[in-house]
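Student: I have a new model to look at and would like to learn how to read it. Please take me through it one step at a time.

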Protein chains: 2
Amino acid sequence: MVGSVAVDGGGGPVSAGIAVLRRHGERVTPARRAVLEVLGATTEHLSAEEVLGRALAISRSLHRTTIYRALETLGELGLVTHVHTDHGPAFYHLSAPLTGTPHLHVRCRVCERIMDVPADLLDDAVRRLRETAGFLLLVDHTALAGLCSGCEAAGGHPG
Amino acid sequence: MVGSVAVDGGGGPVSAGIAVLRRHGERVTPARRAVLEVLGATTEHLSAEEVLGRALAISRSLHRTTIYRALETLGELGLVTHVHTDHGPAFYHLSAPLTGTPHLHVRCRVCERIMDVPADLLDDAVRRLRETAGFLLLVDHTALAGLCSGCEAAGGHPG
DNA sequence: ATGAGTGCAAAGTGTTTGCAACTAT
DNA sequence: ATAGTTGCAAACACTTTGCACTCAT
């Protein structure tokens with residue numbers, strides 16, 4: 001059930017997300033509500049495990065599997081986005097239409113933190129690859145790896 | 001045991017690799033030899049599982065674990081490189097000093113094939129991120145995802 | 001001979017699936 | 001009422017680890 005999302009109508013990302021669920025005939029369950037609340041309460045990028053941990057504080061009886069399924073559904077509706085990393089889990093956050101701040105991600109190999117980077121960072125690469133190989137780069141679900149300035153200064157190993 | 005690699009002395013990547021092993025006091029075992037032969041015989045990018053399959057044709061009694069350990073050792077010596085993908089396994093190939101053809105990788109989300117792309121594809125992004133955030137992008141071990149021209153034409157879903 | 005390398009079993013992560021029970025509509 | 005959701009257990013894919021045994025040096 002793929003769909004598009006409307007911008008936040010003013011009631012905050014949670015109610016905006018719930019409205020989208022309703023509009024698509026999806027049920028509004030405690031699990032989905034909790035996931036929206038968790039992601040709406042932070043600008044961090046959370047792993048499924050972290051979402052579960054915080055969601056339990058809201059709903060108390062949620063299962064890990066349910067979190068994965070809620071994240072999947074919300075993702076299909078365009079409410080939630082995820083980034084994959086080379087090692088370790090995927091990280092989730094509200095998608096740009098809800099937050100209004102599109103961005104890409106990089107991840108430090110040493111401290112493992114996710115950093116937001118400008119949405120147009122890879123535009124040059126996208127254009128080049130389209131022109132030379134006809135390959136359509138989809139850059140938003142993959143975090144490139146590297147060393148943040150702090151870890152590089154500390155002599156961190158590239159891994 | 002991190003090390004640097006010498007260019008191929010003319011005897012092909014396998015003997016060059018063996019020379020590097022010796023130079024570093026690493027043992028030259030059937031497993032390591034087989035892995036070098038497998039990767040030296042193709043320009044494809046192989047998963048550990050595929051390396052195992054082909055290596056068994058050479059040596060007959062190798063274990064999956066041993067392949068992972070051989071790939072790790074050869075990687076530390078700079079002989080073998082790997083790329084991570086969003087879903088699915090990592091893919092291995094001889095590193096540029098042995099093959100003489102440096103490149104990066106992208107992967108089609110539909111047909112799952114790995115494609116080589118120019119080594120300088122992300123230079124602009126690397127420079128921008130260094131200048132604006134002091135972040136050192138290490139782009140060589142991560143395959144960006146996308147749609148190859150064939151699968152895009154066929155209406156493939158971005159997944 | 002001796003310690004690095006191997007085979008095997010087992011565990012470890014992160015994620016998905018099958019199915020009966022539940023609940024939002 | 002009833003289909004969509006959930007909880008649980010179990011499987012899944014990929015990779016790593018512990019330990020006794022073997023073989024390259």
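**Protein and DNA**

Student: How far does a polar side-chain atom of A:Glu26 lie from a phosphate oxygen of DNA strand D?

Tutor: First, some ground rules: this is a predicted model, where local features need pLDDT of at least 70, side-chain atom pairs count only at pLDDT 80 or more, and totals for chains, interfaces and linings use all residues, while side-chain values use heavy atoms, leaving out hydrogens and water. Residues are numbered from 1 along each chain as its sequence is written, with chains lettered from A and ligands numbered from 1 in the order in which they are written. Look for a polar contact, a pair of N or O atoms within 3.5 Å. From a polar side-chain atom of A:Glu26 to a phosphate oxygen of DNA strand D, you will find 2.4 Å.

Student: Which element gives the largest share of the surface near DNA strand D?

Tutor: Helices (H or I, at least four residues) and strands (E, at least two) are DSSP runs, numbered from the N terminus. Two or more residues each come from helix H2 (30-40) and H4 of chain A and from H4 of chain B. The largest share, four residues, belongs to H4(B).

Student: How many residues surround DNA strand D?

Tutor: A residue is near a strand if one of its heavy atoms lies within 4 Å of it. The closest include A:Thr66 and B:Tyr68, and a polar side-chain atom of A:Thr66 is 2.4 Å from a phosphate oxygen of this strand. The number of residues around DNA strand D is 22.

Student: Now the other strand. What share of the atoms of DNA strand C within 4 Å of the protein do sugar and phosphate account for?

Tutor: DNA strand C has 22 residues around it, and B:Glu26, B:Arg27, B:Thr29, B:Ser61 and B:Thr66 come nearest. For the atoms of DNA strand C that come within 4 Å of the protein, the sugar and phosphate share is 60%.

Student: Which residue of chain A has a side-chain N or O atom 3.3 Å from a base nitrogen of DNA strand C?

Tutor: Phosphate is reached as well: a side-chain N or O atom of B:Thr29 lies 2.6 Å from a phosphate oxygen of this strand, and a polar side-chain atom of B:Thr66 lies 2.4 Å from one. The residue at 3.3 Å from a base nitrogen is A:Arg27.

**The two chains**

Student: What kind of axis relates chain B to chain A?

Tutor: Two copies of a chain are related by a rotation about an axis and a shift along it. Here, with C-alpha atoms of residues at pLDDT of at least 70 in both copies superposed by least squares, a rotation of 180° with 0.0 Å of shift brings chain B onto chain A, at an RMSD of 0.0 Å. That is the relation of an axis that is two-fold.

Student: What is the order of the three strands in the open sheet of chain B?

Tutor: Two strands pair if DSSP finds at least two bridges between them. S1(B) and S3 (residues 91-94) pair in the antiparallel sense over two bridges, and B:Leu46 has B:Tyr92 as its bridge partner. The strand order is S1-S3-S2.

Student: What percentage of the residues in chain A is buried?

Tutor: Buried means under 20% relative accessible area, with a 1.4 Å probe and protein chains only. Chain A has seven helices and seven strands. Of its 159 residues, the buried ones make up 43%.

Methods
A polar contact is a pair of N or O atoms within 3.5 Å; within protein, one must be able to donate a hydrogen and the other to accept it, and residues adjacent in sequence count only if both atoms are side-chain atoms. Buried means under 20% relative accessible area, exposed over 50%, partly exposed in between (1.4 Å probe, protein chains only).
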